[in-house]
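User: I am learning how descriptive words are attached to a model, and I would like each word to be set against its definition. Could we go through them one at a time?

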Amino acid sequence: MAEGPEWARLTDQEVVLLARGGREAAYRELVRRYERPVFALLYRMVRDRELAEDLAQETFVKALNAIDSYRPEFKFSSWIFKIANNAAIDHLRRRELDTLSLDGSPHAETPEAMQATALQIGARQESPLDAVEAKELGGAIEAAIGRLRPEYRSCILLRHVEGRAYEEIAEILDLPLGTVKTYIHRARNELRVALAHLKE
Amino acid sequence: MTAGFGPHLTPDEFDAWLAAGLDSDRARHLEICLECQARADAERALDEQLAALQLLSPAPDFADRVMRHVAVPRPVTIPSMQPARRRFLATRRSVAFAASIAVLLVASMATSVIWTLGHQATLVSIGGWLLTQTGQAGWLAIQGVASNLIEQPWYGAFRSAFDSPGRIAAASALAAAAYLAGIYVLRRLLALPTQQVAHAGA
């Protein structure tokens with residue numbers, strides 16, 4: 001059976017078949033193949049290493065525990081990126097809800113509770129860990145990508161970092177092909193504007 | 001806005017240019033249009049910056065962390081005869097038991113074959129008797145049905161319809177006519193519908 005170096009010759013679909021047959025090595029092979037791109041996508045989406053690892057772990061656990069529901073007529077990469085992107089978007093939406101109100105939580109019933117839950121502008125200090133992450137994700141291009149809208153960010157990362165075709169991105173993000181092209185075009189415009197000062 | 005050859009390049013065309021797939025007409029426009037050249041340079045610079053983004057990897061123990069939360073199904077195996085064979089041959093007693101079953105099976109089959117060869121006449125006579133009995137039972141059943149028919153009140157009238165050769169001929173002709181009429185009606189009912197097709201110039 002497929003052991004060691006033979007894994008490299010197997011397609012994703014073949015590895016999935018072995019995983020369904022109960023081969024733990026096949027599960028590890030799928031993780032090995034996609035841990036880097038999935039983690040990179042999530043890290044650039046949420047810009048927090050620890051959180052990105054948690055979301056990547058959540059992505060793989062969800063995908064591998066539901067490996068029987070994977071349909072081999074689609075690319076495994078599309079499936080895993082779709083789960084990862086949904087995890088990132090869900091997190092960003094939750095975070096947006098948590099930080100939306102400057103006046104405190106919408107559920108706070110008293111002025112004291114509102115004050116206690118109010119957003120403290122400027123209170124956040126950059127920790128040493130933040131500094132490491134900022135350096136790791138450093139550079140003007142990373143900063144510019146970080147400022148894009150999440151849906152633009154997903155598109156530009158899948159297209160230009162992971163090298164996915166427009167059609168696959170449309171499949172991953174459940175968007176029409178035209179919308180994907182528009183998002184990438186707009187994202188590139190925003191990045192060009194953001195990076196224009198570097199040329200001067 | 002146009003410059004020289006046709007309108008400025010579209011985003012899709014810049015995409016094609018970056019992939020070295022821009023058609024020659026549009027490439028000629030790009031050669032002479034300063035505005036499109038500036039945009040193309042910016043697009044290429046952006047592509048280079050995106051391509052140079054750092055590769056990122058999770059912690060080295062990431063796969064182990066994932067696998068701790070994954071339920072790997074039990075491997076699917078084809079049931080083997082090996083355990084049963086091992087069980088049968090485990091002790092002298094089980095070997096003796098298996099051997100006695102095998103001997104019993106072979107002995108009963110051999111006895112059956114030998115008896116059949118030695119009693120062929122008996123088997124033939126039993127077969128003949130069964131055949132005769134079946135024939136007699138069939139004949140009795142036909143006679144029973146016939147006697148039942150004769151006892152019916154309408155049988156007399158029905159029988160009188162066949163008293164003379166003329167009546168038999170008339171009844172036969174009537175039956176044949178009813179049969180042919182039935183065939184004709186069935187054919188009409190089962191015939192495929194035909195459609196009138198209009199022809200040009202008709």
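User: Why is A:Asp174 called exposed?

Analyst: A residue counts as exposed if 12 or fewer other C-beta atoms lie within 10 Å of its own, as buried if there are 20 or more, and as partly exposed in between, with the C-beta atoms placed from the backbone. A:Asp174 has 9 other C-beta atoms within 10 Å, and therefore A:Asp174 is exposed. This is a predicted model, in which local features need pLDDT of at least 70 and side-chain atom pairs count only at pLDDT 80 or more, while totals for chains, interfaces and linings use all residues. Residues are numbered from 1 along each chain as its sequence is written, and chains are lettered from A and ligands numbered from 1 in the order in which they are written.

User: What else is said about A:Asp174, and where is it found?

Analyst: A:Asp174 is not a glycine, although its phi is positive, about 55 degrees. A:Asp174 lies in the loop between α9 and α10 (177-199) of chain A, where helices are DSSP runs of H or I with at least four residues, strands are runs of E with at least two, and both are numbered from the N terminus.

User: What makes B:Ala20 count as exposed, and in which loop is it found?

Analyst: B:Ala20 has 6 C-beta neighbours inside 10 Å, so B:Ala20 counts as exposed. B:Ala20 sits in the loop between α1 (11-18) and α2 (24-32) of chain B, and its phi is positive, about 60 degrees, although B:Ala20 is not a glycine.

User: How do you know that α8(A) is largely enclosed by the rest of the structure?

Analyst: Nine of the 12 residues of α8(A) are buried, and therefore α8(A) is largely enclosed by the rest of the structure. Among the buried residues are A:Tyr152, A:Cys155, A:Leu158 and A:His160.

User: What span is expected for α8(A), and what does it reach?

Analyst: The expected span of a helix is 1.5 Å times one less than its number of residues. For α8(A), with 12 residues, 16 Å is expected, and the 15 Å from its first C-alpha to its last is close to that.

User: Why are α8(A) and α9(A) called oblique to each other?

Analyst: Axes are lines fitted to C-alpha atoms, for helices over the stretch in contact, and angles run from 0 to 180 degrees between N-to-C directions. Angles under 35 degrees count as roughly parallel, over 145 as roughly antiparallel, 65 to 115 as roughly perpendicular and the rest as oblique. Helix α8 (residues 150-161) of chain A and helix α9 (residues 166-173) of chain A pack at about 140 degrees, with their axes 10 Å apart, and therefore α8(A) and α9(A) are oblique to each other. The contact, for which C-beta atoms placed from the backbone must lie within 7 Å, involves residues including A:Leu158 of α8(A) and A:Ile169 of α9(A).

User: Why are α2(A) and α3(A) called oblique to each other?

Analyst: The axes of helix α2 (residues 24-46) of chain A and helix α3 (residues 49-65) of chain A come within 9 Å and cross at roughly 140 degrees, and therefore α2(A) and α3(A) are oblique to each other.

User: How many residues of chain B are in contact with chain A, and which helix supplies the largest share?

Analyst: In chain B, 24 residues are in contact with 28 residues of chain A. The largest share of the side of chain B that touches chain A, five residues, comes from α4(B).

Definitions and conventions
Contact = placed C-beta atoms within 7 Å.
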